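Here is a short report to read alongside the coordinates. Have the sequence and the viewer open, and follow the residues as they come up.

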Amino acid sequence: MTRFRWQQANGRRHAYDTGTTAIPHPGVVFTALCGAEVTPRERDFVELSGCCYAPTCWRCDHEWRVRDGFPPEEIPPLPENA
């Protein structure tokens, strides 16, 4: 199983650690890899007829790559507005 997964919440596509975070559910707060506490809504779940069009949280993407041991050349610097 993949250790990290993506979940849309609070207008961004955030990542979470499956080893420390329960599977997200609508209305239930979880801590994303970026450190933000986010709350997905029903429309954030494709499985519940939602859509996944939110932009990626670049802090989550960066943290995922660091924790997963990506080579340094595959870990881009964070954008200024991340």
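## Asn10 and the first hairpin

Asn10 is partly exposed, with a relative accessible area of 49%; that value is neither under the 20% that would make a residue buried nor over the 50% that would make it exposed. Do keep in mind that this is a predicted model. Asn10 sits in the loop between β1 and β2, and its phi is near 50°, a positive value in a residue other than glycine. The hairpin of β1 and β2 has two residues between the strands.

How do the two strands of this hairpin pair? β1 and β2 (residues 12-17) run in the antiparallel sense, joined over six bridges. Two of the partnerships are handy to check in the viewer: Ala9 has Arg12 as its bridge partner in β2, and Arg5 has Tyr16 as its partner in that strand.

## Aromatic rings

Let us turn to the rings. The structure holds three aromatic pairs. In one of them, the rings of Phe4 and Trp64 have centres 5.6 Å apart and planes at 50°, so the pair is tilted. A plane angle under 30 degrees would have counted as stacked, and one over 60 as edge-to-face. This pair links distant parts of the chain: Phe4 belongs to strand β1 (residues 4-9), whereas Trp64 belongs to helix α1 (residues 58-67), 60 residues apart.

Are these two partners buried or exposed? Phe4 is buried, at a relative accessible area of 5%, and Trp64 also counts as buried, at 14% relative accessibility. Together with Trp6, Phe4 and Trp64 make up one aromatic cluster. Trp6 has a charged neighbour too: Arg13 lies over the face of the Trp6 ring, at 4.1 Å from its centre.

## Around Arg41

Another residue worth a visit is Arg41, found in the loop between β4 (37-38) and α1. How accessible is Arg41? Arg41 is partly exposed, with a relative accessible area of 48%.

Select Pro26 as well, and look at the two backbones together. Arg41 and Pro26 are 15 residues apart along the chain, yet their C-alpha atoms are separated by 4.5 Å.

## The chain as a whole

With those local details in place, you can zoom out to the whole fold. The protein chain has one helix and four strands, and along the sequence they follow the pattern β-β-β-β-α. The radius of gyration is 13 Å, close to the 12 Å that the globule rule gives for 82 residues, so the chain is as compact as a globular protein of that length. Along its principal axes, the C-alpha trace spans about 35 × 30 × 20 Å.

How much of the chain is buried? Of its 82 residues, 29% count as buried. The protein chain exposes about 5500 Å², and carbon and sulfur atoms supply 50% of that area.

Contacts along the sequence round off the picture. Among contacts between residues at least 6 apart in sequence, 42% join residues at least 24 apart. The tilted pair of Phe4 and Trp64 is a good place to see distant parts of the chain linked, as its two residues are 60 apart.

Notes:
Residues are numbered from 1 along each chain as its sequence is written. This is a predicted model: local features need pLDDT of at least 70, side-chain atom pairs count only at pLDDT 80 or more; totals for chains, interfaces and linings use all residues. Side-chain values use heavy atoms; hydrogens and water are left out. Rings of Phe, Tyr and Trp (its six-membered ring) pair if their centres lie within 6.5 Å; planes under 30 degrees apart count as stacked, over 60 as edge-to-face and the rest as tilted. Buried means under 20% relative accessible area, exposed over 50%, partly exposed in between (1.4 Å probe, protein chains only). A charge sits over a ring if NZ of Lys or CZ of Arg is within 6 Å of the ring centre and within 35 degrees of the ring normal. The radius of gyration is taken over C-alpha atoms; the globule rule is 2.2 Å times the number of residues to the power 0.38. Contact means heavy atoms within 4.5 Å. Accessible areas come from the Shrake-Rupley method with a 1.4 Å probe; for residues, only the protein chains shown count as cover. Two strands pair if DSSP finds at least two bridges between them.
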